[in-house]
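Visitor: I like to hear the reasoning behind the labels people put on a model. Could you show me one and let me quiz you?

Guide: Sure, here it comes.

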Amino acid sequence: MKREINGKTKIIGIIGKNIENSLSPLIHNQIIFKYSLNFCYLPFKVTENDLSQAIQGIKALNIRGVNITFPYKEKVIEFLDELEESARRIGAVNTIVNNKGILTGYNTDVIGFKKSLQEDGKFIIKKKKAVIFGAGGAARAVVYALLEEEIEEICIFNRTLEKAKKIKQNLLPFFPRSNINIFPLEKEKLKDKIEEAPLLVNTTSLGMPPKIDNTPLPDEKLFHPNLLVYDLIYHPAKTLFLRQAERAGVKIINGLPMLVYQGIESFHLWTGLKPEGKEVLKMIKRIT
Ligand code: NAP
């Protein structure tokens, strides 16, 4: 079918601060094209001062919904009418649905992260440990996903300890059988904790453009052979953190599978249609 924009086209999109390198428009418009839907997915670059007005604009312009990305996943909540239960617990929203002027916030990063971890069907985190860098909006979703999978212990290392403490306070009461420990970004404790963990995740923005030479890991000797190293960043496809891990012979995952899987869940909320994740991931890998 020839794709055209007309008076009935429904608008969806993404709101973020630096979205020039986002792959979400490509992913969603490819799916729209494949299924011949009368939707169009657009990027909206919004400054922090304009965030409130941009969210009100979703109603005013009858936009069907948007993704919310770095760094607004937590800030956006105060501008919404309703929150789905897990988004409320997590305290971060990556998807907004506009139902006749009522804006509801969802968090599809949780399922996106889980599906990306389970991609090869071999990695099981139940009763194991993980080390996580970061305590922002993405970290909240990752921690929640791991707690839902009945992880034994999560160690959060973050520059601002207060933010990591808040994650523990907010999320642990829902999962009393698991444990969360909080640490500043210091090498000594990191070494001990990484040694005990099969999973190391970067949820910080360290390694994103323009500072692509940044990495959260102070010493690449801290990798061990049984570690799965995961970076939520997908642009660049291999951050310095992932390149170091690869050099150490460790299995790596970048943020692309999570982006695709969370995107499909958002797409389902807006359109009622759920494409097959593996197929979409294959298609996006082919064209990027
Ligand atoms: P955020 O809420 O702004 O959090 C940013 C995190 O990075 C905080 O923990 C912050 O530490 C840390 N950080 C930033 N600059 C730092 C520095 N110079 N030194 C040490 N720590 C620093 O952002 P977010 O929404 O969580 O997103 C984080 C990253 O995840 C982004 O790269 C985003 O693109 C990616 N992401 C990917 C996916 C996906 O589907 N692949 C989904 C979600 C997010 P402080 O707390 O000390 O400020």
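Visitor: Where is Pro71 found?

Guide: In the loop between S3 and S4. Bear in mind that this is a predicted model.

Visitor: What makes the peptide bond from Phe70 to Pro71 cis?

Guide: Its omega, which is near 0 degrees. There is another cis bond, joining Pro209 and Pro210, with omega at about 5 degrees. Pro210 has its place in the loop between strand S10 (199-202) and strand S11 (228-231).

Visitor: And what is notable about the phi of Asn62?

Guide: Asn62 is not a glycine, yet its phi is positive, about 55 degrees. You'll find Asn62 in the loop between helix H2 (51-60) and S3.

Visitor: On to the sheet. How do you know that S4 and S6 pair?

Guide: Pairing takes at least two bridges between the strands. Strand S4 (residues 82-83) and strand S6 (residues 102-106) are joined by two bridges, so they meet that cut-off. They run parallel, and Leu83 has Gly105 in S6 as its bridge partner.

Visitor: How many bridges do S5 and S6 have?

Guide: Five, between S6 and strand S5 (residues 95-99), in the antiparallel sense. With at least two needed, they count as paired. One of the partnerships puts Thr95 with Tyr106 in S6. S5 and S6 also form a hairpin, with two residues between them. In that turn, Lys100 has a positive phi of about 50 degrees.

Visitor: What makes S3 a partner of S5?

Guide: Same test: at least two bridges. Strand S3 (residues 65-68) is joined to S5 by three bridges, so the pair qualifies. The two strands run antiparallel, and Val66 stands opposite Ile96 in S5.

Visitor: Why is the pairing in this sheet called mixed?

Guide: The open sheet has six strands in the order S2-S1-S3-S5-S6-S4, with mixed pairing. You've met both senses already: S4 and S6 run parallel, while S5 and S6 are antiparallel.

Visitor: Why do S2 and S4 have one side without a neighbour in the sheet?

Guide: Strand S2 (39-45) and S4 stand at the edges, and each has a single partner strand, so one side of each lacks a neighbour in the sheet.

Visitor: Now the ligand. Which residues are the closest to it?

Guide: Ala138, Asn158, Thr160, Met208 and Leu232, out of 26 residues that surround the ligand. To belong there, a residue needs a heavy atom within 4 Å of the ligand. By class, the shell has 12 nonpolar, nine polar and five charged residues.

Visitor: What makes the approach of Lys163 to the ligand a polar contact?

Guide: The cut-off is 3.5 Å between N or O atoms. A polar side-chain atom of Lys163 lies 2.9 Å from an oxygen atom of the ligand, so the pair is within it. A polar backbone atom of Ala135 is also 2.9 Å from a ligand oxygen. For a polar backbone atom of Ser205 the distance to a ligand oxygen is 3.3 Å, so that pair passes too.

Visitor: How much of the ligand does the protein cover?

Guide: The protein covers 85% of the 920 Å² of accessible area that the ligand has on its own. The elements giving two or more residues to the shell are helix H5 (137-148) and helix H9 (256-271). And the space the ligand takes is the largest pocket.

Conventions:
Residues numbered from 1 in each chain as written. Predicted model: local features only at pLDDT ≥ 70, side-chain atom pairs only at ≥ 80, totals over all residues. Heavy atoms only, no water. Helix = DSSP H or I, 4+ residues; strand = E, 2+ residues; numbered from the N terminus. Polar contact = N/O pair within 3.5 Å; in protein donor to acceptor, adjacent residues only side chain to side chain. Areas by Shrake-Rupley, 256 points an atom, 1.4 Å probe, with all protein chains shown as cover. 1 Å grid on protein atoms, 1.4 Å probe; cavity = no way out; pocket = protein on both sides within 12 Å on 5 of 7 lines; lining within 4 Å. Sits in = over half its atoms within 2 Å of the grid points. Nonpolar A, V, L, I, M, F, W, Y, C, P; charged D, E, K, R; others polar.
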